[in-house]
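Let's take a walk through this protein together, with the sequence and the fold side by side. Have the viewer ready, and we will go from the inside outwards.

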Amino acid sequence: MADDIPFDRKFEAVPGRAEAVTPLVRRVLAPNPGPFTFTGTCSYILGRGEVAIVDPGPDDAAHVEALLAAVQGERVTHILLTHTHRDHSGALEALKARTGAPTYAQGPHRAARPLHEGEANTLDAAADRGFFPDVALADGAAIEGAGWRLEALATPGHAANHMAFVLAQDGLIFVGDHVMAWATTVVAPPDGSMSDYMESLRRLQARPEPLYLPGHGGPVREGPAFVGRYIRHRVARETAILRALSRGPMSIPEIVRAIYIGLDPRLNEAAGLSTLAHLEDLAARGEVLTEGPATLDGVFTLA
Ligand SMILES: [Zn+2]
């Protein structure tokens, strides 16, 4: 289904080792590989001498030590968080305690809309509800350090409080989990929203920066064109859902079986949630009907 996107799964980074990505940016891979995290979370170090850390990564002592070793002799002045999923924020408290640096993020975790009963999901369980930033960033906020300046870009969709950070001087964007080179992003209600996600993709596509540094996997080059493929991929999935529903009313498991061929069973729940995200968006646009709010155990028909 995702053959329409030229995924790049070659990513040779070694956990714990600081590697230069650009003259101003280093990357340290965390040792938390998995079906959602690929080879692990990428933490980034921005600047030289006085540095920012973008996404501390998972709660893993070895990763915290690797980050601190990478910045030995330097001062950490900022800790930035793209969104409140634990694979990005778990190391934040330890890093803050060891460096004294203030934390910057859009805000605490929040579901995009109230949870419906029975809608809690694995990805929602990964949410870090205990995090509150020292500095809450509004869309467009500037964050300045020694020799660098970032612009905060609200990019909800994967998470309601997701932000990307634009380093215009280097033509790059720290994109968190919004866009990745190796797979499509998980958009799972209730914190995830397909309507928001599509809007955030179009927002990114309209920007000039070519290089994206994601929270998992290697860089995305020619970012705006890649995002165009992402958008077309989602539209194709939406079309597949509508085509399946043209045969009659269907439940989410039935739709998943009809449109995901050869799915890794570990991703079954994510596929169901992604389908729910599309159905919510389609219902909001009046193209699909269901009884009450769209839920995982609902039955859906064409409008
Ligand atoms: Zn995430």
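A good place to begin is the interior. The largest nonpolar core holds 71 residues, and within this core I53, F165 and V179 touch the most other members. Helix 8, residues 268–284, gives the largest share, with six residues. Where does this core lie with respect to domain 1 and domain 2? It lies between them, because domain 1 (18–232) and domain 2 (237–302) both give residues to it. Please keep in mind that this is a predicted model.

Let's stay with I53 for a moment. Setting aside its neighbours within four places in sequence, I53 is in contact with S43, I45, L67, V76, I79 and L95. Several of these names will help us as we move on to the sheet and its helices.

Now for the two domains themselves. The protein is divided into domain 1, covering 18–232, and domain 2, covering 237–302. Their centres, taken over C-alpha atoms, are separated by 29 Å. Across the boundary, 15 residues of domain 1 are in contact with 17 residues of domain 2. On the domain 1 side, the elements that give two or more residues to this contact are helix 4 (122–125) and helix 5 (194–205). What is the make-up of the side of domain 1 that touches domain 2? Its residues divide into seven nonpolar, seven polar and one charged.

Next, turn to the sheet that begins with strand 1. Seven strands form an open sheet, in the order 1-2-3-4-5-6-7, and the pairing is mixed. As general background, strands of a sheet pair through backbone hydrogen bonds, either parallel or antiparallel. Strand 1 and strand 7 (135–136) stand at the edges of this sheet, each with a single partner strand, so one side of each is left without a neighbour in the sheet.

We can follow the pairing from the strand 1 edge. Strand 1 (residues 18–22) and strand 2 (residues 25–29) run antiparallel and are joined by four bridges. A hairpin connects strand 1 to strand 2 through two residues. If you would like a landmark, find A18, which stands opposite V28 in strand 2. Strand 2 then pairs with strand 3 (residues 42–46), in the antiparallel sense and over five bridges. Here R26 stands opposite I45 in strand 3, and I45 is one of the contacts of I53.

Helices lie against this sheet. Helix 1 (residues 61–70) packs on it, touching strand 1, strand 2, strand 3 and strand 4 (50–54), and the direction of helix 1 makes about 155 degrees with that of strand 2. Helix 3 (residues 92–99) lies across strand 4, strand 5 (75–80) and strand 6 (103–105), running at about 150 degrees to strand 5.

The loops deserve a visit too. F38 sits in the loop between strand 2 and strand 3. Its phi is near 60 degrees, a positive value in a residue other than glycine. Is F38 buried or exposed? F38 counts as buried, because it has 22 C-beta neighbours inside 10 Å, and the threshold for burial is 20 or more. E222 also has a positive phi, near 50 degrees, and is a residue other than glycine. You will find E222 in the loop between strand 12 (211–214) and helix 6 (223–245). With 13 C-beta neighbours inside 10 Å, E222 counts as partly exposed.

A138 belongs to the loop between strand 7 and strand 8 (142–145). With 10 C-beta neighbours inside 10 Å, A138 counts as exposed. A138 and A152 are 14 residues apart in sequence, and their C-alpha atoms are 7.3 Å apart in space. Another backbone detail to look for is the cis peptide bond from P189 to P190, with omega near 10 degrees. P190 is found in the loop between strand 11 (172–176) and helix 5.

Our last stop is another sheet. This open sheet of three strands has the order 13-15-14, with antiparallel pairing. Its edge strands are strand 13 (250–251) and strand 14 (288–289), and each pairs on one side only. Strand 13 is joined to strand 15 (residues 299–302) by two bridges. To see this pairing in the viewer, look for M250, whose bridge partner in strand 15 is F300.

Technical notes:
Residues numbered from 1 in each chain as written. Predicted model: local features only at pLDDT ≥ 70, side-chain atom pairs only at ≥ 80, totals over all residues. Pairing = 2+ DSSP bridges. Domains from an automatic or database assignment. Contact = placed C-beta atoms within 7 Å. Nonpolar A, V, L, I, M, F, W, Y, C, P; charged D, E, K, R; others polar. Core = buried A, V, L, I, M, F, W, Y, C linked by C-beta atoms within 7 Å. Buried ≥ 20, exposed ≤ 12 C-beta atoms within 10 Å, placed from the backbone. Axes fitted to C-alpha atoms, helices over the stretch in contact; angles between N-to-C directions.
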